[in-house]
Number of protein chains: 2
Amino acid sequence: MNLALLFDEDFTASDRVKLTGRRLAHLHSVIKVKAGDQIAVGRVDGAMGTGEVIRLSDTEAELTVTLDQSPPPPLPLTLVLAMPRPKMFRRVLQTCASLGVKDLWLINSYKVEKSFWQTPWLSEQSLLDNLTLGLEQAKDTVMPRVHIRKLFKPFVEDELPALLAGKRALVAHPGTEVPCPTHLPEAAVLCVGPEGGFTPYEVGKLEEAGCQAVHLGRRILRVETAVPVLVSRLFDACL
Amino acid sequence: MNLALLFDEDFTASDRVKLTGRRLAHLHSVIKVKAGDQIAVGRVDGAMGTGEVIRLSDTEAELTVTLDQSPPPPLPLTLVLAMPRPKMFRRVLQTCASLGVKDLWLINSYKVEKSFWQTPWLSEQSLLDNLTLGLEQAKDTVMPRVHIRKLFKPFVEDELPALLAGKRALVAHPGTEVPCPTHLPEAAVLCVGPEGGFTPYEVGKLEEAGCQAVHLGRRILRVETAVPVLVSRLFDACL
């Protein structure tokens, strides 16, 4: 937690918050703050700044906050991800939030096992919790939006073309001929398949919708590694 | 396991291997092979190719192998990493192996907790197992070398200067002024700190040894995310 993310319900006045639960525990056990100390804070979807601890107990911390800095710029990226295996899903969410991905679409694919969609990590609260951890790691405040689409074909045929409009559209597909471009001057949509990849039918449908198939070289990377590699390659500016 | 990595002890003849244990279980339960099927194989530190399953039982699989392809090129990178927290260490090892890092130095730093060095994941066998998983993921055969240095100052003063000779040397340091370069034409040494970063004293020592402090932008990334972002940024060629 390099920044404590503040939600509306934390505010007791326009410049005052009370923290409990995970954030309080972190203040006590990791940062080991005491009254008078300052920590980095940010209001969800708003400004960042500092919070001064004015009172601290076992059950809550009270801080006065000054929010006068902008969060880092968002990545100009729409990320379309085949639903990952539950045991990596939380990390993928946190990684995406840390990297500045603000628009995440979780879609079905032939090699996405049906059980993946049953994971409790897909609940509204779990999504919010894990995205919060990613934002707090990266010192960002802007909550990513997550869209869940459990049917591949309707998504690709009916929704994807509008998402691609005016953007560079790519599907990461190991073994294809075109290398992934670098330093895009424009916003992009990037589709990343499941373990084992999209099927040829699926790549065909993504190409029909307007995506170009590109590869990252000979190495096959796990999604949690491929996403940072792709993001870093596509966007030249430091994150 | 996108490739089964073969070790000397697996070979019963120059073109024949017997697989047991984890790799056998994977053949049975994930790939679901049967006699006559072909899978990707590679000999550790050697060539890659295909293996044809000629016999399969509950206790072993026998394959004839044809090894006629080169593994992907190594990254021209020496990675110097402050010892990560044990719970992320295995993933970091696997990620480094997948990305093609071949030379990994695990070093101490003020913010590396002493207990991190006690992890059983640092045993020879655990290192080998996790690096193998990373190579098998990426379809590579060349085993990375891991060097363990539990004292910061002797490493930085006595060993690091020789490692840097003729290479671009960088230390990733959030908050510094120079952005991380892109597309290096040369081999590089990259130092990455622990959670919370290197101390100013440590950055000073790394700079004295010849490293340039560079940043990745405003976002603070976990080491398992920072490493793929940095590698992808430093080396233009697809991996």
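What rotation, with what shift along its axis, superposes chain B on chain A? In this predicted model, the rotation is 180 degrees with 0.0 Å of shift along the axis, and the RMSD is 0.0 Å. The two copies are therefore related as by a two-fold rotation axis. Both copies use the same surface, since 100% of the contact residues of chain B recur in chain A.

**Stop 1: the interface as a whole**

Begin by colouring the two chains separately and selecting the residues in contact between them. The selection should hold 40 residues from chain A and 40 residues from chain B. About 3100 Å² of area is buried between the chains, and carbon and sulfur atoms give 52% of this area.

**Stop 2: polar and charged pairs**

Next, display the side chains along the interface. Two salt bridges are counted between chain B and chain A. To view a salt bridge of this interface, select Asp140(A) and Arg219(B), whose side chains meet at 3.0 Å, N to O. Across the interface there are also 17 residue pairs in polar contact, both residues of each pair being at pLDDT 80 or more.

Now hide chain A and turn to the side of chain B that it touches. The elements of chain B that give two or more residues to this side are α2 (86-99), α3 (124-138) and α6 (223-234). Coloured by class, this side of chain B shows 18 nonpolar, 13 polar and nine charged residues.

**Stop 3: Ser232(A)**

Restore chain A and select Ser232(A), which is found in helix α6 (residues 223-234) of that chain. Is Ser232(A) buried or exposed? Its relative accessibility is 9%, so Ser232(A) counts as buried, the limit being under 20%. Leaving aside residues up to four places away in sequence, Ser232(A) touches Val229(B), Ser232(B) and Arg233(B). Showing these residues of chain B together with Ser232(A) displays the contacts in one view.

**Stop 4: Val192(A)**

Finally, move to Val192(A), in strand β11 (residues 188-192) of chain A. With a relative accessible area of 6%, Val192(A) is buried. Which residues does Val192(A) touch, not counting those up to four places away in sequence? They are Leu79(A), Val80(A), Leu81(A), Ala82(A), Phe198(A), Val223(A) and Leu230(A). To finish, draw a distance between the C-alpha atoms of Val192(A) and Leu81(A): the two residues are 111 residues apart in sequence and 5.0 Å apart in space.

Technical notes. Residues numbered from 1 in each chain as written. Chains lettered and ligands numbered in written order. Predicted model: local features only at pLDDT ≥ 70, side-chain atom pairs only at ≥ 80, totals over all residues. Heavy atoms only, no water. Helix = DSSP H or I, 4+ residues; strand = E, 2+ residues; numbered from the N terminus. Buried < 20%, exposed > 50% of the residue type's maximum accessible area, 1.4 Å probe, protein only. Contact = heavy atoms within 4.5 Å. Buried area = accessible area lost by both parts, 1.4 Å probe. Salt bridge = Lys/Arg side-chain N within 4 Å of Asp/Glu carboxyl O. Polar contact = N/O pair within 3.5 Å; in protein donor to acceptor, adjacent residues only side chain to side chain. Nonpolar A, V, L, I, M, F, W, Y, C, P; charged D, E, K, R; others polar. Least-squares fit on C-alpha atoms with pLDDT ≥ 70 in both.
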